[in-house]
Structure formats: structure tokens, C-alpha cells
Amino acid sequence: MQKQSEEMVLDRLRKGYYLNMLFIGIDCGTQSLKVLVWDPATGQVVSVSRQYDLIPGLPSGHKEQNPSDWIDALESCIESLRSKADFA
């Protein structure tokens, strides 16, 4: 099934279906958030990332992050992409 989906996307790319679209990928990891934007019309790819820390002062063995740090990192990445990319 995935092979058919991949072929369909590739076929649509060849036919130019996605030329007026941008594709964004977001990776929210344990140490940083990465955002990538791809413009299929030009082939331009731009990516940025932001790091965030663990919540300090927790008992030994406890590892937690503040979800608002993820949101702040995403907003910062998007803003950076807007100023960095030709298509923003």
C-alpha cells in the first residue's frame, strides 16, 4: 500500500500538481525541534532548528521538559524560516 502511495505522489510531482504548494516537516525530538520546508517548484529546501533544555531541579532520575518550550521553539523556527527563505 505504501508503495502505491509513493508512486502516486511521484506521479503527481512529475505532472506538476504540487507546484503551488510548500511542504513542511517538523521533528520534535528530545533535545531540539527541527523544521524543514521544501518548495517542489524550485527544489529549494530550507531548514532550521532550536534546542531546548530539561526542567532543572527534579529528583534524581527524573527527566521532564516544559511543553511551552516546544511551542516556543516551533514559533521561533517558523519565524526564522519566513525571514530566511525566498518562498516565505
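**Helix α2 and its sheet**

The buried residues of helix α2 pack against two strands, β2 (32-39) and β3 (44-51). The model is a predicted one, and the helix makes a handy place to start looking at it.

Which residues of α2 are buried? They are Ala73, Cys77, Ser80 and Leu81. Looking down the axis of α2, these buried residues sit within an arc of 100°, so they line one face of the helix. There's a simple rule behind this kind of pattern: an α-helix has 3.6 residues a turn, so residues three or four places apart point the same way. Turned away from the buried side is a face of α2 with the exposed residues Ile71, Glu75, Arg82 and Ser83.

The length of α2 can be checked too. The helix covers residues 67-84, and at 1.5 Å a residue its 18 residues should span 26 Å; the C-alpha atoms at its ends are 26 Å apart, so the two values agree.

Now for the sheet. Three strands make up an open sheet, lined up as β1-β2-β3, with antiparallel pairing. At the edges stand β1 (23-28) and β3, each with a single partner strand, so one side of each has no neighbour in the sheet. From one strand to the next, the twist averages 10°. Strands of a sheet pair through backbone hydrogen bonds, either parallel or antiparallel. For β1 and β2, the antiparallel pairing runs over six bridges, and Asp27 has Lys34 in β2 as its bridge partner.

Back to the helix: α2 lies across β1, β2 and β3, and it runs at about 145° to β3.

Technical notes. Residues are numbered from 1 along each chain as its sequence is written. This is a predicted model: local features need pLDDT of at least 70, side-chain atom pairs count only at pLDDT 80 or more; totals for chains, interfaces and linings use all residues. Side-chain values use heavy atoms; hydrogens and water are left out. Helices (H or I, at least four residues) and strands (E, at least two) are DSSP runs, numbered from the N terminus. The expected span of a helix is 1.5 Å times one less than its number of residues. Buried means under 20% relative accessible area, exposed over 50%, partly exposed in between (1.4 Å probe, protein chains only). The arc is that of the directions from the helix axis to the C-beta atoms. Contact means heavy atoms within 4.5 Å. Two strands pair if DSSP finds at least two bridges between them. Axes are lines fitted to C-alpha atoms, for helices over the stretch in contact, and angles run from 0 to 180 degrees between N-to-C directions.
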